Every structure is written in structure tokens, then in C-alpha cells.
Amino acid sequence: MPTIIDTNATLTLQDNVHEGAFLYSNSASPTTITIDPFSSEPFTNGTEIKIMRGGSSPSLSVTPGSGVTLNGGTGSIAIGSAYGTLTIKLQKNRVAARRKR
């Protein structure tokens, strides 16, 4: 079962909600998922999280927190189309992302 993201969110280890999760957003508002630095949220190295933008969501993006690099940069990555996915792999303060669709 996916974890539903209806508002802006920060990936967290609290209650193992996001580690290794499948996140799904179908929010009617633009949504941003933030990746905090390893010092705040020490995910296990190599953790993968899959994120999907639903059909009703106008936009969904993933953005790195302070000190985190996303595909070698500090900018956000948007999931451009409905039912598009983004898989992120966490490695300390480096995050690799690959998009489908």
C-alpha cells in the first residue's frame, strides 16, 4: 500500500513511515517533498523511495534540504506528468533520482 502525501512533506524515519516506501500524491494543490540532511534524518545508506504523481495533482516535486545534493545539484526535480514516477536512492547527503514518464 502506498503512503499518501496530500500536503508538502519532509521525508522522515519517524515510525518508519518513509524508509523504503512508495509515496503517492493526488493532491489538488502543488506538492513538494523535501529531503533533509543525513544529520537530521539518517536513512540507511542505499534506501530507495518511489514517488508517484497522481492524475489530479497539478505538480509534484522533490527538493533537497540544506546540505543535500540531488543528482549532483541543489535544485528540485519535478515529476512532469500524471502517473509519472521518481525513484530516489539515499546515500548520506547525496541523493540519486531517476524519472519515468
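Select K92 to begin; in this predicted model, K92 is found in the loop between strand 9 and strand 10, the latter covering residues 94-100. Display its backbone torsions: phi of K92 is near 55°, a positive value in a residue that is not glycine. Most residues other than glycine have a negative phi. Is K92 buried, partly exposed or exposed? With a relative accessibility of 48%, K92 counts as partly exposed, because that class lies between the limits of 20% and 50%.

Select Y83 next. This residue lies in the loop that links strand 8 (77-79) to strand 9 (85-91). Here, too, phi is positive in a residue other than glycine, with a value near 65° for Y83. The relative accessibility of Y83 is 45%, so Y83 counts as partly exposed.

Remain in this loop and select G80, which is likewise placed between strand 8 and strand 9. G80 is exposed, with a relative accessible area of 58%, because the exposed class begins over 50%. Add P58 to the selection and draw a distance between the two C-alpha atoms. G80 and P58 stand 22 residues apart in sequence, and their C-alpha atoms are 9.3 Å apart in space.

Move to A78, which is placed in strand 8. A78 counts as partly exposed, at 39% relative accessibility. Which residues does A78 touch, leaving out those up to four places away in sequence? They are L60, S61 and R99. For a longer view, draw a line from A78 to G20: these residues are 58 apart along the chain, and 20 Å separates their C-alpha atoms.

Turn now to strand 4, which comprises residues 31-35, and select T31 within it. T31 is buried, with a relative accessible area of 2%, because buried means under 20%. Show the surroundings of T31 with neighbours within four places in sequence set aside. The contacts of T31 are then I5, T7, N8, S25, S59, L60 and S61. L60 and S61 have already been seen on this tour, among the residues touched by A78.

Select I35, also in strand 4. With a relative accessible area of 4%, I35 is buried. Which residues surround I35 once those up to four places away in sequence are not counted? I35 touches L11, V62, T63, P64, G65, V68, L70, I88, L90 and V95. Colour these residues to view the surroundings of the side chain. Then add S57 and draw one more C-alpha to C-alpha distance: I35 and S57 are 22 residues apart in sequence and 20 Å apart in space.

For the last stop, select K50, which lies in strand 5, residues 47-53. K50 is partly exposed, its relative accessible area being 38%. Which residues form a positive surface patch with K50? Select K89, R98 and K100 together with K50 to display the patch. Show the side chains of these four residues, K50, K89, R98 and K100, and view the patch from outside.

Key: Residues numbered from 1 in each chain as written. Predicted model: local features only at pLDDT ≥ 70, side-chain atom pairs only at ≥ 80, totals over all residues. Heavy atoms only, no water. Patch = residues over 30% accessible without salt bridge, like charges linked within 9 Å, V, L, I, M, F, W, Y side chains within 5 Å. Areas by Shrake-Rupley, 256 points an atom, 1.4 Å probe, with all protein chains shown as cover. Lys, Arg positive; Asp, Glu negative; His and termini not counted. Charge placed at Lys NZ, Arg CZ, Asp CG, Glu CD. Helix = DSSP H or I, 4+ residues; strand = E, 2+ residues; numbered from the N terminus. Buried < 20%, exposed > 50% of the residue type's maximum accessible area, 1.4 Å probe, protein only. Contact = heavy atoms within 4.5 Å.
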